[in-house]
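Student: I have a protein chain open on my screen and would like to understand the words people use for it. Could we go through it together?

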Amino acid sequence: ETPLLSAIADGRLKRLITRAGANGLEPVFHTAFTRTSYRLSFDDGGWVMLDIDVGEIVTTTAAAVEPLCELELELEAGPAHRLFDLARRINADVPLRVSVSSKANRGYALAAGETPGWNRFARPDLTGNVTVEDAITLAVQRCLDHLLGNETCLLETDDPEGVHQVRIALRRLRSTLRLFRSVLPADQYRWLTDEIKWLTKQLAAARDWDVFSD
């Protein structure tokens, strides 16, 4: 309940909190949820922690409440691909969406009354002794971050910029894959580019109407 001042690196923030004192601070939101945890073991000795959080995010005034229903997978031992295989198996039975927003970020947005906004692409840092594998990983990850960072805006708001930014993310991802095509498995490259083309086409009509209306 009491802020740990020694954990605050920002000197200005630390001074502000010190001057405010214990009575000068109050929470703007809290999370109330039940966590159910499972340890899942693979045949090869690897294992994953699966946590399910169900509850809600509540602002201090209780003026706004947002439901919370999250499933988190954390690889504790074993190859990373086993984690993705497990996630896909779960997703086959339970429709899931990848979340890139933490409980804290969602809480602050709820308290401020903010609607999901759109995000721009952030360039990957490819300076220094970066290997080809590292470059592919960084570049593709930034494209996926850009796409997922605009998914909520696209699905839950009327802001056409969400559609536009997702299409930009898809074009960048397709260009990145084409750039590294010579070092990618041919079957995976074809599958990914086909999926990107399909998703881009689904958004084409909405984007065309947006441009036309402008």
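Tutor: Let's talk through how some helices pack and which residues are buried, remembering that this is a predicted model.

Student: Great! Why is α6 called roughly antiparallel to α7?

Tutor: Look at the angle between them: helix α6 (residues 161–179) and helix α7 (residues 186–213) pack at about 155 degrees. Angles over 145 degrees count as roughly antiparallel, so α6 is roughly antiparallel to α7. Their axes are 10 Å apart, and α6 passes α7 in a left-handed crossing.

Student: Which residues of α6 and α7 make the contact?

Tutor: From α6 they include Val163, Val166, Leu170, Leu173 and Leu177. From α7, Leu192, Ile196, Leu199 and Leu203 are among them. By class, the contact of α6 with α7 has twelve nonpolar, three polar and five charged residues.

Student: What makes α4 roughly antiparallel to α6?

Tutor: Use the angle again. α4 and α6 pack at about 165 degrees, with their axes 8 Å apart. The cut-off for roughly antiparallel is over 145 degrees, so α4 earns that description relative to α6. The crossing of α4 and α6 is left-handed.

Student: And which residues meet there, in α4 and α6?

Tutor: In α4 they are Ala139, Val140, Cys143, Leu144, His146 and Leu147. Their partners in α6 include Val166, Ala169, Leu170, Leu173, Thr176 and Leu177. The contact of α4 with α6 divides into eleven nonpolar, three polar and one charged residues.

Student: Which residues touch the most other members of the largest nonpolar core?

Tutor: Leu170, Leu173 and Leu177 do, in a core of 15 residues. At least two residues of this core come from each of α4, α6 and α7, and α6 gives the most, with six. Leu173 is a nice one to click on: leaving aside neighbours within four places in sequence, Leu173 is in contact with Val140, Cys143, Leu144 and Ile196. There is also a second, separate core of six residues, including Phe42, Leu83, Leu86 and Ile90.

Student: Now burial. How do you know whether Ile136 counts as buried or exposed?

Tutor: Compare its relative accessibility with the cut-off. Ile136 has 18%, and buried means under 20%, so Ile136 counts as buried. Ile136 lies in helix α4 and touches Phe180, Val183 and Leu184, not counting residues up to four places away in sequence. Ile136 and Leu177 are 41 residues apart in sequence, yet 8.2 Å apart in space, C-alpha to C-alpha.

Student: Why does Ala139 get its burial label?

Tutor: The reasoning is just like before. Ala139, placed in helix α4, has 12% relative accessibility, and with the limit at under 20%, it therefore counts as buried. Beyond neighbours within four places in sequence, Ala139 is in contact with Pro124 and Thr176.

Student: What makes Pro124 partly exposed?

Tutor: Its relative accessible area is 22%. Buried needs under 20% and exposed needs over 50%, so Pro124 falls in between and is called partly exposed. Pro124 is found in the loop between α3 (103–112) and α4. Leaving aside neighbours within four places in sequence, Pro124 is in contact with Leu138, Ala139 and Arg142.

Student: How far apart are the C-alpha atoms of Pro124 and Ala139?

Tutor: They are separated by 6.0 Å, although the two residues are 15 apart along the chain.

Methods. Residues numbered from 1 in each chain as written. Predicted model: local features only at pLDDT ≥ 70, side-chain atom pairs only at ≥ 80, totals over all residues. Heavy atoms only, no water. Axes fitted to C-alpha atoms, helices over the stretch in contact; angles between N-to-C directions. Helix = DSSP H or I, 4+ residues; strand = E, 2+ residues; numbered from the N terminus. Parallel < 35°, antiparallel > 145°, perpendicular 65-115°, else oblique. Left-handed = near helix turned anticlockwise from the far one by under 90°. Contact = heavy atoms within 4.5 Å. Nonpolar A, V, L, I, M, F, W, Y, C, P; charged D, E, K, R; others polar. Core = buried A, V, L, I, M, F, W, Y, C linked by side-chain atoms within 4.5 Å. Buried < 20%, exposed > 50% of the residue type's maximum accessible area, 1.4 Å probe, protein only.
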